[in-house]
Amino acid sequence: MPSYYTRIVLNERPPGDIDSKTFRSEKASYSELKVGDDQVLVQVTWLSLDPAMRGWLRDERSYLPPVQIGETMRAGGLGVVVNKGRDVKLKIGQLVSGTFGWTEYAVVREKDAEAINVSKGIFDIDHLNTLGMAGFTAYFGLKDIGQVKAGETLVVSGAAGAVGSMVCQLGLRAGAKVYGIAGSQDKCEWLEKEIGVTKAINYKSPSFREDFKTIGYLDVYFDNVGGDILDMCLSRLNRNARIVLCGAISAYNSVGKPKGIQNYLTLISQRAKIEGFIVFDYAKRYPEAIAEMSQGLRDGTIKRKFHIVEGLENAPSALPLLFTGGNTGKLVVKVNESLKT
Ligand code: NDP
């Protein structure tokens, strides 16, 4: 075992964009990693980078407490059990997922380390994507809140990202006409050619507003970005439309309050609904999503793409890619290459 391991902690709260001072790397003594009777020591292999992390850096009330200055940055990840306490049933060598943070090693309670398996057609990192938070968010957001039906028009923003690309595919499986909004021509091509959306529209194109109008009116809008795109969708609602407020990434780096929405009166005239949700509230139903999504991965009808960043030390500079549109599909960090998972 090594004498020291690396972890990355919050150095200061960024007022706006994350920068080189936001996080700092620390060496910690491996001997400090003692396991209690109900705990496991996990060697981390992969980490998920998520837009929500920007919210966890704010000293504000939210669905989870903020990460404290000097605390290891919170992150979902995968790893392998390398030591365990007396009462633990998990075996040494078991692949697990959990909130391990930006660290090479983490001690967590056994109940916070979920045993996962790889099988034919399913990679370990699918458990950070389609079979993890991104997939569950797409599944429950679209099915429960969006209640999309065959023949309806579904518009998805952030469509070439982890959640968005899954929403597009679930919408197509439900028989909807699916329109994806993304920030580059390459992403739009990927959405049309690989994911199979009805049409993809580049919101950075000068003709975006006119292009958007060619969709006509929409029944479900799955909102990953908030801001002007949400406002535009609000002006294009069909009667009884549903707006799924999943995220508002355009506002996450804002200093002060985000700009308010203007076109909300259509919610009244079109008898429409707008509803936010947090995926963790569906935890009891994750097996339902896993069953459908793993079948789709195995038979190749659900596609996914990973943007892989090598090395824990590169996590701080990779996180901003989510806010500049540098990723297509799920952004993950490979922490430890040597482990066979
Ligand atoms: P993505 O993989 O979609 O990455 C973020 C993408 O957002 C970028 O690639 C970029 O793509 C786009 N983006 C960034 N800034 C802007 C902007 N100003 N305007 C429009 N698009 C922008 O991330 P995830 O799939 O992990 O997350 C998507 C959304 O889902 C986020 O808002 C996240 O907070 C939310 N979420 C919500 C959950 C919940 O429980 N409610 C759980 C998990 C995620 P582009 O090039 O197209 O601009």
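User: How many bridges join strand E11 and strand E12, and in which sense do they pair?

Analyst: Strands here are DSSP runs (E, at least two residues; helices are H or I, at least four), numbered from the N terminus, and two strands pair if DSSP finds at least two bridges between them. In this predicted model, strand E11 (residues 218–223) and strand E12 (residues 237–245) pair in the parallel sense over five bridges, and valine 220 stands opposite arginine 242 in E12. Local features need pLDDT of at least 70, side-chain atom pairs count only at pLDDT 80 or more, and totals for chains, interfaces and linings use all residues. Residues are numbered from 1 along each chain as its sequence is written, and side-chain values use heavy atoms, with hydrogens and water left out.

User: What is the strand order of the open sheet, and which are the edge strands?

Analyst: The six strands run in the order E10-E9-E8-E11-E12-E13 with parallel pairing; strand E10 (199–202) and strand E13 (273–276) are the edges, each pairing on one side only.

User: Which residues come nearest to the ligand?

Analyst: A residue is near a molecule if one of its heavy atoms lies within 4 Å of it. Of the 26 residues around the ligand, Val163, Lys187, Tyr203, Val279 and Asn327 come nearest. Helix H2 (133–146), helix H3 (162–173) and helix H10 (321–324) each supply at least two residues of this shell.

User: Which polar atoms of the protein lie close to oxygen or nitrogen atoms of the ligand?

Analyst: A polar contact is a pair of N or O atoms within 3.5 Å; within protein, one must be able to donate a hydrogen and the other to accept it, and residues adjacent in sequence count only if both atoms are side-chain atoms. For tyrosine 203, a side-chain N or O atom is 2.5 Å from a ligand oxygen, while a polar backbone atom of glycine 183 is 2.8 Å from an oxygen atom of the ligand. A ligand nitrogen, in turn, lies 2.8 Å from a backbone N or O atom of phenylalanine 277.
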